[in-house]
Every structure is written in structure tokens, then in C-alpha cells.
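Student: I have a new structure in front of me and plenty of questions. Can we go through it together, asking each time how a label was earned?

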Amino acid sequence: MSALTSRPSAGTALRFGRLAAMGTVAVLLLIAGVWASWGTAQHVMLTKGREQGTMTVTRCGDDRCTGSYAPVSAGSTARARVTISSTVVVEKGETYAVVVKPGGGEVVRTGPGGLLYAWVPLGGALLLASLVVAGGLRLPRLAWALGGAGLTLLTAAFVAL
């Protein structure tokens, strides 16, 4: 009889181990998404005390675009050359509202498009976490919510840019 009673506890231990492992993976995916997004998002969201202005794109390469910077905020200085990631969907000859990253000539787009673009890594992490939650944790409602949030974020960033 003791062999029969040990089976449910082994199944329970395996189930708990699966839930713990998959829960950890899902949480780590979400933390990594926030971490990857925050590097850019902090400059877009926390603009107080940062140099704000406009950038006119004059040249684009494979992964970077360059142009001139005209200040808008007090204490900001004009720059002849600043760079921005070309994945932000910028076009040559256009002017964009930007904020200067501290310590250099790199800028980040502001406004709704820049904010949504900054959180794109989180959108991808939400999509990946939804797969882990659905398959590993077997929580379909939560998985649909995570996946829907990720898809909404990615779609909104695509439309806004």
C-alpha cells in the first residue's frame, strides 16, 4: 500500500517542479523585456532635465541616420551632427522631435511613436511569455491576455511609426 501512496506525491512533486520552472522562465522573459526596453524608454518617458529638440535627418546608413539638432528646451545646445537608429523609421529630409541621450550625440525619438518603439522589446517578451504560460503553466486565459497585450503593443508601435 505504501507504493500506491507514493505515486500521487511523486506526481505532485513533478507538477510543482514544472510550474516552478515554467513560472520562472515566464517571469525572466518579462524581466528581460522590461530591461531591454528601459534603456531607451527612460529617455523618452523621463524628459525632465534632458535636452529636447528636433532633428532634421540628412543622411541614412544601414543602421544609423545622422542629421542636425535644433534645441527646444532651455539649456540645450545646437549640434551639427547627431545620430539616431534607422530602425525608428526615419526618412531623409524629415524633422523629428527628439531627446538627447546623456554623454553624446545620440538622440531618441519622443512622442507616441518613440514611446511605443521604446517598449517593443517588452511586446516581444509578452508574446514569448504567453507561449510559456499556455504550454508550461497551462493557463490559457492568462496566456491570451499576455499575447494580446504583446500583439497590441507591437501593432501600435508599427502604426505609430
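Tutor: Sure. This is a predicted model. Let's start with α3, which has 16 residues and reaches 23 Å from its first C-alpha to its last.

Student: How do you know what span is expected for α3?

Tutor: Counting 1.5 Å a residue gives 22 Å, and the 23 Å in the model is close to that.

Student: Which residues of α3 are buried?

Tutor: Leu122, Gly123, Ala125, Leu126, Ala129, Ser130, Val132 and Val133. Keep in mind that an α-helix has 3.6 residues a turn, so residues three or four places apart point the same way.

Student: What does Leu122 touch farther along the chain, leaving aside neighbours within four places in sequence?

Tutor: Leu122 is in contact with Leu30, Gly33, Val34, Ser37 and Leu153.

Student: What makes up the largest nonpolar core?

Tutor: That core has 13 residues, and Trp119, Leu122, Val133 and Leu146 have the most contacts inside it. At least two residues each come from α1 (2-45), α3 (120-135) and α4 (140-160). Of these, α3 gives the most, with five residues. There is also a second, separate core of eleven residues, including Met55, Val82, Val90 and Val98.

Student: What does UniProt list as "transmembrane region"?

Tutor: The unreviewed UniProt entry lists residues 20-38, 116-135 and 142-160. In the model, residues 20-38 are 100% helix, with end C-alpha atoms 27 Å apart. Residues 142-160 are also 100% helix, and their end C-alpha atoms lie 27 Å apart.

Student: Now His43 in helix α1. Why is His43 called buried?

Tutor: The relative accessibility of His43 is 8%. Buried means under 20%, so His43 counts as buried.

Student: What does His43 touch, not counting residues up to four places away?

Tutor: Arg50, Val99, Lys101, Pro102 and Val108.

Student: And what makes the pair of His43 and Gly39 a polar contact?

Tutor: A polar atom of the His43 side chain lies 3.4 Å from the backbone oxygen of Gly39. The cut-off is 3.5 Å, and 3.4 Å falls within it.

Student: Moving on to the strands, how do you know that β1 and β2 pair?

Tutor: Pairing needs at least two bridges, and seven join β1 (residues 52-60) to β2 (residues 64-71). The two strands run antiparallel, and a hairpin of three residues joins them. One bridge partnership is Arg59 with Thr66 in β2.

Student: What about β2 and β3?

Tutor: Five bridges join β2 to β3 (residues 79-85), so the same cut-off of at least two is met. These strands run antiparallel, and Tyr69 stands opposite Arg79 in β3.

Student: Where is Gly93, and which residues is it in contact with?

Tutor: Gly93 lies in the loop between β3 and β4 (95-100). Leaving aside neighbours within four places in sequence, Gly93 is in contact with Thr56 and Val57. Gly93 and Gly67 are 26 residues apart in sequence, with C-alpha atoms 9.0 Å apart in space.

Student: Last one: what makes the phi of Arg138 worth a look?

Tutor: Most residues other than glycine have a negative phi. Arg138 is not a glycine, yet its phi is positive, about 55 degrees. Arg138 is placed in the loop between α3 and α4.

Student: Why is Arg138 called exposed?

Tutor: Exposed means over 50% relative accessible area; Arg138 has 57%, so the label fits.

How values were computed
Residues are numbered from 1 along each chain as its sequence is written. This is a predicted model: local features need pLDDT of at least 70, side-chain atom pairs count only at pLDDT 80 or more; totals for chains, interfaces and linings use all residues. Side-chain values use heavy atoms; hydrogens and water are left out. UniProt positions are given in the numbering used here, feature names are shortened, and annotations may be inferred rather than shown by experiment. Helices (H or I, at least four residues) and strands (E, at least two) are DSSP runs, numbered from the N terminus. A nonpolar core is a set of buried Ala, Val, Leu, Ile, Met, Phe, Trp, Tyr and Cys residues joined through side-chain atoms within 4.5 Å. Buried means under 20% relative accessible area, exposed over 50%, partly exposed in between (1.4 Å probe, protein chains only). Contact means heavy atoms within 4.5 Å. The expected span of a helix is 1.5 Å times one less than its number of residues. A polar contact is a pair of N or O atoms within 3.5 Å; within protein, one must be able to donate a hydrogen and the other to accept it, and residues adjacent in sequence count only if both atoms are side-chain atoms.
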